[in-house]
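Student: I would like to learn how to read the features of a model such as this one, taking them one after another. Could we look at it together?

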Amino acid sequence: MLPGGDSVTQKVLIIDDDLAGQRLMEYTLRREGYEIVLAHDGPQGVEKAMTEQPDVVILDVMMPGMDGYEVCRQLRATPSTADLPVLMLTAKTQLTDKVSGFRAGADDYVAKPAEPAEVLARIKALLARVRRTLPQAGRSIAILGAKGGVGTTTIAVNLAVAVAQREQQVILVDMRPHMGTVAYQLGLTRRTTLADLLLLDEVSIDQKALSSALVLHQAGFRVLMSAPEPGRHQVISPSQVQVIVEGLRSLASLLIFDLPAGFSEANAAVLRACDLIAIITEPEPLSLACARDVVRLLEKQNISNDIVGILICNRSRSTNSVAPVEVASFLDRRLLGSIPPAPEACFEANRQGLPLILTPSAEVVNMAFRDLAERIMAHRVPMQGFGLYMPARATG
């Protein structure tokens, strides 16, 4: 625990090619209870800033190759590190040098040789400032298929990209302990997975464990993936779900849960914790009948109708598809949107391990995802004020 009552150890990334100075700073900060990550040049520093998710960065300016100014500019240009506090520590003391540092995005500036006590005080001040300006805990959206095969994971993956493109901090969670397809659609190599977290006791599933399990995608959002094959842990308990959801809420502005079809206890726990539930259905009779069953199950769970919406995923170009207005009327829930069909583009995107929205061959579909992301992020209360179609209730 850190001074001031913080229950989570805070992490400091030191980027400096001066090994002696780096060791002195590391020693000082470790004595104060900080976790330390070291990088010895600019490219390594940028990589560790994205993968280690530090709370603050100490950044030297004078480094060979990529200097501190360029490191800072790259951090500010990346959504996942754009708000990361940066303290520049350098022997360059001219006013113009300080101005260059602030223009590159530094939050504070200390001249070398600096007293460790001064650096420590400035780090504490930066972290205190961040705590005062932290946004409210992140909102969460559950993507739930009316049945298997309706495109649930495709919706979750592409919505995550679309929200991240709006420079929001997003975490996408594959809620299948094993054999989920999020990693395949994103072309990611599996590291620590949800199944690994479930082997820990609930006390150990803390922010540090959750952060370490997240993998950064090139689009700027983080992913908690499922294991590629069945392992020791087959079932997620509701209490584990609660710990994971609450822990992730403080790490991003939006959580997107890709849920397996069905109504397990784990699914129910996620749904009760979410601000918005998007039921994915195709505009055809069988899928709509399953969607109606899901709506009724949610009612039995006492989940408010106000947070439940319908998202139509058109997987084919059939002329016999049910019209969106009829889908909304049949299910008696708010219509969140409709994703147009693009089967060939989806096939090619999956072959490349790319989200559909990052391919140029399906612009109409990509616009639909971007529009959906814009509406979701524009309102603090997800289901109010969207300007979306809500059918009148039948009478008589």
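Student: Does N302 count as buried, partly exposed or exposed, and at what relative accessibility?

Tutor: Buried means under 20% relative accessible area, exposed means over 50%, and partly exposed is in between, with a 1.4 Å probe and protein chains only. N302 has 73% relative accessibility and therefore counts as exposed. This is a predicted model, in which local features need pLDDT of at least 70 and side-chain atom pairs count only at pLDDT 80 or more, while totals for chains, interfaces and linings use all residues. Residues are numbered from 1 along each chain as its sequence is written, and side-chain values use heavy atoms, with hydrogens and water left out.

Student: Where is N302 found, and what is the sign of its phi?

Tutor: Helices (H or I, at least four residues) and strands (E, at least two) are DSSP runs, numbered from the N terminus. N302 is found in the loop between α12 (285-300) and β12 (308-313), and its phi is positive, at about 60°, although N302 is not a glycine. M179 can be read in a similar way: this residue lies in the loop between β7 (170-174) and α7 (182-186), has a positive phi of about 65° although it is not a glycine, and counts as exposed at 53% relative accessibility.

Student: How should I read the sheet, and in which order do its five strands lie?

Tutor: Strands of a sheet pair through backbone hydrogen bonds, either parallel or antiparallel. Two strands are taken to pair if DSSP finds at least two bridges between them. Here five strands form an open sheet in the order β2-β1-β3-β4-β5, and the pairing is parallel. β2 (35-39) and β5 (108-111) stand at the edges with a single partner strand each, so one side of each is left without a neighbour in the sheet. From one strand to the next, the twist averages 20°.

Student: How many bridges join β4 to β5, and how many join β3 to β4?

Tutor: Strand β4 (residues 86-90) is joined to β5 by four bridges, the two running parallel, and M88 stands opposite Y109 in β5. β3 and β4 pair over four bridges in the parallel sense, with V57 standing opposite V86 in β4.

Student: Which residues of β4 lie on each of its faces, and are they buried or exposed?

Tutor: V86, M88 and T90 are on one side and L87 and L89 on the other, and all of them are buried, which means that both faces of β4 are covered. In the count for the whole strand, five of the five residues of β4 are buried.

Student: Which strands do helices α1 and α3 lie across?

Tutor: Axes are lines fitted to C-alpha atoms, for helices over the stretch in contact, and angles run from 0 to 180 degrees between N-to-C directions; contact means heavy atoms within 4.5 Å. Helix α1 (residues 19-31) lies across β1 (11-15), β2, β3 (56-60) and β4, and runs at about 165° to β2. Helix α3 lies across β1, β3, β4 and β5, and runs at about 175° to β4.

Student: At roughly what angle do the axes of α2 and α3 cross?

Tutor: Angles under 35 degrees count as roughly parallel, over 145 as roughly antiparallel, 65 to 115 as roughly perpendicular and the rest as oblique. The axes of α2 (residues 42-52) and α3 (residues 68-77) come within 9 Å and cross at roughly 25°, which makes α2 roughly parallel to α3. A crossing is right-handed if the near helix is turned clockwise from the far one by less than a right angle, and left-handed if anticlockwise; that of α2 and α3 is right-handed.

Student: Which residues of α2 and α3 meet?

Tutor: G42, V46 and A49 in α2 meet V71, Q74 and L75 in α3. By class, this contact has four nonpolar, two polar and no charged residues, where Ala, Val, Leu, Ile, Met, Phe, Trp, Tyr, Cys and Pro count as nonpolar, Asp, Glu, Lys and Arg as charged, and the others, Gly among them, as polar.

Student: Which residues is A342 in contact with, leaving aside its neighbours within four places in sequence?

Tutor: Apart from those neighbours, A342 is in contact with N314, R317, A362 and V365. A342 is buried, with a relative accessible area of 12%, and lies in the loop between β13 (334-339) and α14 (343-352).
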